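Dear colleague,

Please find below the structure for your files. My notes on it follow directly after.

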Amino acid sequence: MKKIGILFGQENTFPQAFIDRVNEKAPADIRAEFVRIDQVEQHVAPDYAVIIDRISQDVPFYRAYLKNAALMGTAVINNPFWWSADEKFFNNALAVRLGVPVPKTLLLPSKERPTDTSERSFRNLNMMDWDAAFAHIGFPAYMKPHSGGGWKSVYKVNSPDEFFRAYNETGQLVMLFQEAVDFTDYFRCYCIGGTEVLIMPYEPRNEPHLRYATEMKTTGEAGEKLLATMKDYVLKLNAGLGYDFNTVEFAVRDGIPIAIDFGNPAPDADINSVGEKNFEWVVEAAANMAIARAIAQKPGEDNLTWGTFVHPHRAKAGVTHFTVGDTPPAPKKPAAPKAAAKPAAAKPAAQKAAAPKAAAPKAAAKKPAAKKAE
C-alpha cells in the first residue's frame, strides 16, 4: 500500500476535497490521508510515497521533516530544497534567461545593517546612486521584499520622498525596487504537474473574495494569441524553477504578458476565493498528479522535481530521477569544430580600487506613511 499525504495548516476546503478525490480515483493499493507526524528521527523514512506540502513555508519544523522525507524517497510537492532556496530577485533573473518578460527590477541593500555586522562588513558595497535608480525604474513603482509573499511589507511609491519614507520602515529586509506595470488585463495561472495549466482572469485591486470575479478584456485573435503566450510562459517558468504546484501572475501591458509573481510554494486553493469552477479544476489536477507520482515513486530514490536550472544535465538527457548517491548522467559534449583559430593573448583587465564602505540614505524627516500596494 502506498500512501499520499497532505500537510496543511489553516485552510479548510482544499485538503479534504483533495483526499476525497484521490481516494475516489486511485487504484486499490494507493490511499490518501492527512499527514500524521509523531517522532521524527534522522534518516528514518516516513510512511508516505507522496506528500503535498501546503504549510511548511511557515513552519520550520515541518520543513526539516519534509527534507528528511525527501532524502528517504518521498516525492514531496513542492520540492522543499528548492523553494527554501529561491527568492523573487533570482526568479526574475531566471525568467529573463528563459525569455519571459518581467518588470525592471533592482535589488536594494537593507536599510539597517544585519545583526552582528558593522560598517566594515560592507567595504565591498558602493554608495547607491539613487538618482540613477529612480531614472531607471521610474515612478510609480513598488518596493517589496526580495523573498517572501502574502503582500507583506509591499509599498507603492510615487516619488523619491515616498520611496525614502517607505525604505526607512523596512529595517533589515532586503528589498526589490520594481517598476509598476499599468495593465489592461491581469491573470493568475495555475500550473500543476508541470503540464496542466489553468488561466484565470484576476483583479488584484479587488477585495480578496472578489479578485476572481472579473473577465478577460482582450478578445478575438489577440485574446487567443495572449492565452497561448501565457501558457507557453507558464510552462517555461515552472520547468525552469521545478515547481509541481504553482501559480504565475501576469500583468498585460500593450498586449505583452509580464510575469509579476511566480514562486508560490502553497498557492491559494480555497473554494471561497478561487470560486467553485476553478476549485474543481485544481482538486482534479492535483489528485491526478499525486496518483501519478505515487505510482512512479521508487523507495530510497530521488523522487523530487528539480528545475532545469538546478539540474540542466538531467533535462538534456531526459532523466526524471536517479538513485540518491549515484553520479548523475553527464551531458553529451558538443562536437569539436574542424578547425579553430588560435586565440589571441588576453590582456589583463585593469583592476578598480575597492570601494571603502556603503552608506545608507538619510532618513526622511517626516513620519513614515508609505501606502500599501493595491
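The notes below go from the whole protein to its cysteines and then to one proline.

Please bear in mind that this is a predicted model. The protein has 374 residues, of which 42% are buried, and its secondary structure consists of 10 helices and 13 strands. Among contacts with a separation of 6 or more, 68% are between residues 24 or more positions apart. The accessible surface amounts to about 20,600 Å², and carbon and sulfur atoms contribute 53% of that area.

As to the cysteines, the structure contains zero disulfides. For Cys189, the closest cysteine sulfur is that of Cys191, and the two cannot form a bond because 9.3 Å lies between them, whereas a disulfide requires the sulfur atoms to be within 2.5 Å. Cys191 likewise takes part in no disulfide, the sulfur of Cys189 being the nearest to its own. Cys189 is buried, at 0% relative accessibility, and Cys191 is also buried, with a relative accessible area of 0%.

I also examined Pro201, which belongs to strand E10, spanning residues 196–201. With a relative accessible area of 23%, Pro201 is classed as partly exposed, since the buried class ends under 20%. Beyond its neighbours within four places in sequence, Pro201 makes contact with Tyr186, Phe187, Arg211, Tyr212, Thr214, Glu215 and Met216. For one of these partners, Arg211, the C-alpha atom is separated from that of Pro201 by 8.6 Å, the two residues being 10 apart along the chain.

With kind regards

Conventions
Residues numbered from 1 in each chain as written. Predicted model: local features only at pLDDT ≥ 70, side-chain atom pairs only at ≥ 80, totals over all residues. Heavy atoms only, no water. Helix = DSSP H or I, 4+ residues; strand = E, 2+ residues; numbered from the N terminus. Buried < 20%, exposed > 50% of the residue type's maximum accessible area, 1.4 Å probe, protein only. Contact = heavy atoms within 4.5 Å. Areas by Shrake-Rupley, 256 points an atom, 1.4 Å probe, with all protein chains shown as cover.
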